[in-house]
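Biologist: I'd like a close look at one part of this model, the big sheet and the charged pairs around it. Can you walk me through what is there, and how far I should trust the coordinates?

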Amino acid sequence: MEKVLKEITPKSSDFSQWYVDVIRKSDLVDYAPMKGFMVMKPYSYRIWEFIQEQMDRRFKETGHQNAYFPLLIPEHLLAQEAEHIEGFSAEVAWVTMGGNEQLPERLAVRPTSETIIGAMYAQWIHSYRDLPVLINQWANVLRWEKSTRPFIRTTEFLWQEGHTVHRTADEALAETLQQLEIYREVIEDYLAVPVIAGVKSAGERFAGAVDTYTLEALMGDGRALQSATSHFLGQHFSKAFDIQFLDEDGELKYGWTSSWGSSTRLIGAVIMVHGDDKGLRLPPKIAPIQVVIVPIGRGAEREAVVAHARELESALSPVCRVKLDARDEFTPGYKFNDWEMRGVPLRVEIGPKDMAKQQVVIARRDTSEKISVPEEQIGVAVTRLLDEVQKELFRQAAAYREAHTFSIVNYQQMEENGYRGFFRGDWCGSEECAAHLKSETGMTIRCLPFNETPVADQCIVCGQTTRYRALFARAY
RNA sequence: CGGGGCGUAGCGCAGCUUGGUAGCGCGCCUGCUUUGGGAGCAGGAUGUCGUAGGUUCGAAUCCUAUCGCCCCGACCA
């Protein structure tokens with residue numbers, strides 16, 4: 001334990017340093033030779049693949065298809081929707097040279113693809129029979145952020161962005177909310193991260209959207225992370241890009257569009273929600289390795305133990321993602337710490353004592369609990385325990401969130417809890433109050449949660465009577 | 001863009017004040033002994049001291065310039 005503390009800064013003493021230590025030590029990422037960029041090593045990319053699988057399956061089940069649009073967007077297209085370009089101009093990277101030639105028009109490296117996709121949709125859509133268009137793309141985007149942090153905010157990141165066009169506003173809004181629900185399901189059921197769903201206030205809305213819906217999660221340091229967003233774009237983009245169709249009634253109408261996205265940021269949420277002083281704690285459903293087998297044995301015993309461990313590996317491989325750690329250059333103690341740092345949910349220990357009793361020891365990463373299990377029950381036990389760990393991680397995260405959610409009647413009360421956590425309070429709806437709060441305390445409106453009950457019916461900033469229920473937090 | 005910190009072996013750092021043959025720990029390689037919570041001993045390999053100028057008989061060290069990275073803030077998925 002002392003050595004662990006030497007390598008990983010305790011979560012409670014410096015959360016930022018803890019986060020950086022964990023991602024480096026657990027072999028998730030490496031820093032790239034350019035500021036703000038990171039290399040996703042195989043261990044973290046595998047987690048991303050699990051997230052992709054779950055999202056992608058649900059997108060397809062709800063009628064979406066994948067496509068791919070260009071990385072570069074000509075300036076005139078990016079600038080076509082006024083609010084959109086205003087929102088993104090400060091963080092766009094530009095390509096100005098092609099080989100040795102100056103380009104006639106500079107090209108933006110996409111910060112998001114509404115514009116180029118909108119321009120294409122305008123050419124594809126002519127009739128109500130062409131609708132809806134339900135397309136998603138898995139891609140990388142670039143946003144020249146001033147301040148970066150691995151997974152949470154990097155200059156380049158991987159994501160999926162869905163872009164849809166509908167015949168009516170109702171249909172587009174239903175799509176927007178349906179996709180938000182898909183995100184909620186994957187994030188809560190697979191990443192074991194509890195989220196609060198709601199709509200963004202005007203000041204926090206996506207550039208060019210009518211409404212932005214969001215899922216907000218609470219990290220281990222009491223700050224909020226916007227985990228996925230789904231935008232109802234109304235007719236802003238269809239008017240800007242001339243996405244029109246001839247309706248059944250013979251009238252030419254503008255389409256109603258939506259866009260929705262989730263990114264590799266989700267991996268950051270998993271780390272910051274579940275991690276502890278020993279390192280990562282991965283939910284079994286997205287853990288690249290769910291069970292690690294550590295053989296224990298000295299001298300002549302070793303060979304027999306390792307051979308036996310291989311049999312266990314074969315027995316377990318049909319029911320879980322299992323790895324045998326037969327490295328003989330490390331002691332068991334080292335391996336225990338090593339795999340705990342990497343967040344593997346279950347560890348199976350097998351040594352001479354266990355072999356004699358025809359049992360194994362199974363250790364849980366989430367609770368540190370160790371139990372002995374008869375060998376013939378190992379498959380059943382592992383299956384059950386993986387399920388329990390998955391649930392326990394969610395339960396712990398939800399309990400943490402509950403313990404750090406406070407109802408307040410004025411914003412000064414935030415100070416009592418060190419501005420850490422979710423604060424439920426009412427808000428008059430004015431951007432002046434939101435701006436005042438932010439400059440005074442750094443707190444922002446994360447969303448107006450669905451089905452929220454009022455606290456005092458009075459704005460926590462100005463005290464005026466109001467009907468808006470808001471969720472406040474310091475955001476990443 | 002503001003504030004702070006740092007560039008010396010794969011990683012973490014000392015050395016710089018007061019210039020004089022490049023060091024420590026971990027890791028790595030070899031061998032032997034070890035293995036139920038980060039093993040021990042012995043031997044070994046690894047450096048344009050971020051870069052470019054300058055001062056000097058001599059620069060990791062002093063001077064000038066420059067590049068880069070990290071953290072905190074403002075901005076943001």
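Modeller: One cut-off before we start: buried means under 20% relative accessible area, exposed means over 50%, and partly exposed is whatever lies in between. Also keep in mind that this is a predicted model. On trust, chain A has a mean pLDDT of 93, and 99% of its residues reach 70 or more. The stretch to leave alone is residues 1-6, where pLDDT stays under 50 and the model has 5 contacts beyond four places in sequence.

Now the sheet. It is open, has 11 strands with mixed pairing, and runs in the order 3-7-8-14-11-10-9-22-23-21-20. At the edges sit strand 3 (65-66) and strand 20 (405-407), each pairing on one side only. Further in, strand 8 (residues 156-166) runs antiparallel to strand 14 (residues 256-263), with 8 bridges between them. One bridge to look up on screen joins histidine 166 to tryptophan 256 in strand 14. Two helices pack on this sheet. Helix 6 (residues 114-124) touches strand 7 (133-142), strand 8, strand 11 (224-234) and strand 14, and its direction makes about 30° with that of strand 8. Helix 9 (residues 265-274) touches strand 10, strand 11 and strand 14, and makes about 145° with the direction of strand 11.

On to the charges. The structure holds 36 salt bridges, and a few deserve a closer look. Glutamate 216 pairs with arginine 446, with 3.3 Å between the closest N and O atoms. That pair ties together distant parts of the chain: glutamate 216 belongs to strand 10 (residues 211-218) and arginine 446 to strand 22 (residues 444-449), 230 residues apart. Both glutamate 216 and arginine 446 are buried.

Another pair joins strands of the sheet. Arginine 469 and aspartate 426 meet in a salt bridge at 3.5 Å, N to O. Arginine 469 lies in strand 23 (residues 468-473) and aspartate 426 in strand 21 (residues 422-427), 43 residues apart. Arginine 469 has a relative accessible area of 15%, so it counts as buried. Aspartate 426 is down at 1%, so it is buried as well.

For a pair with a partly exposed partner, go to arginine 327 and aspartate 338, whose closest N and O atoms are 3.3 Å apart. Arginine 327 sits in the loop between strand 16 (322-324) and helix 11 (332-341), while aspartate 338 is in helix 11, 11 residues apart. Arginine 327 has 28% relative accessibility and therefore counts as partly exposed, whereas aspartate 338, at 9%, is buried. Some charges also join up in a group: Arg167, Asp247, Glu248, Asp249 and Lys253 form a network of salt bridges.

Last, the cysteines. The structure holds 0 disulfides. Take cysteine 447: the closest cysteine sulfur, in cysteine 459, is 16 Å from its own, so the two are too far apart for a bond. Cysteine 447 is buried, at 0% relative accessibility. Cysteine 320 also counts as buried, at 9%.

How values were computed
Residues are numbered from 1 along each chain as its sequence is written. Chains are lettered from A and ligands numbered from 1 in the order in which they are written. This is a predicted model: local features need pLDDT of at least 70, side-chain atom pairs count only at pLDDT 80 or more; totals for chains, interfaces and linings use all residues. Side-chain values use heavy atoms; hydrogens and water are left out. A salt bridge is a side-chain nitrogen of Lys or Arg within 4 Å of a carboxyl oxygen of Asp or Glu. Helices (H or I, at least four residues) and strands (E, at least two) are DSSP runs, numbered from the N terminus. Buried means under 20% relative accessible area, exposed over 50%, partly exposed in between (1.4 Å probe, protein chains only). pLDDT is the predictor's confidence in each residue, from 0 to 100. Contact means heavy atoms within 4.5 Å. Two strands pair if DSSP finds at least two bridges between them. Axes are lines fitted to C-alpha atoms, for helices over the stretch in contact, and angles run from 0 to 180 degrees between N-to-C directions. A disulfide is a pair of cysteine sulfur atoms within 2.5 Å.
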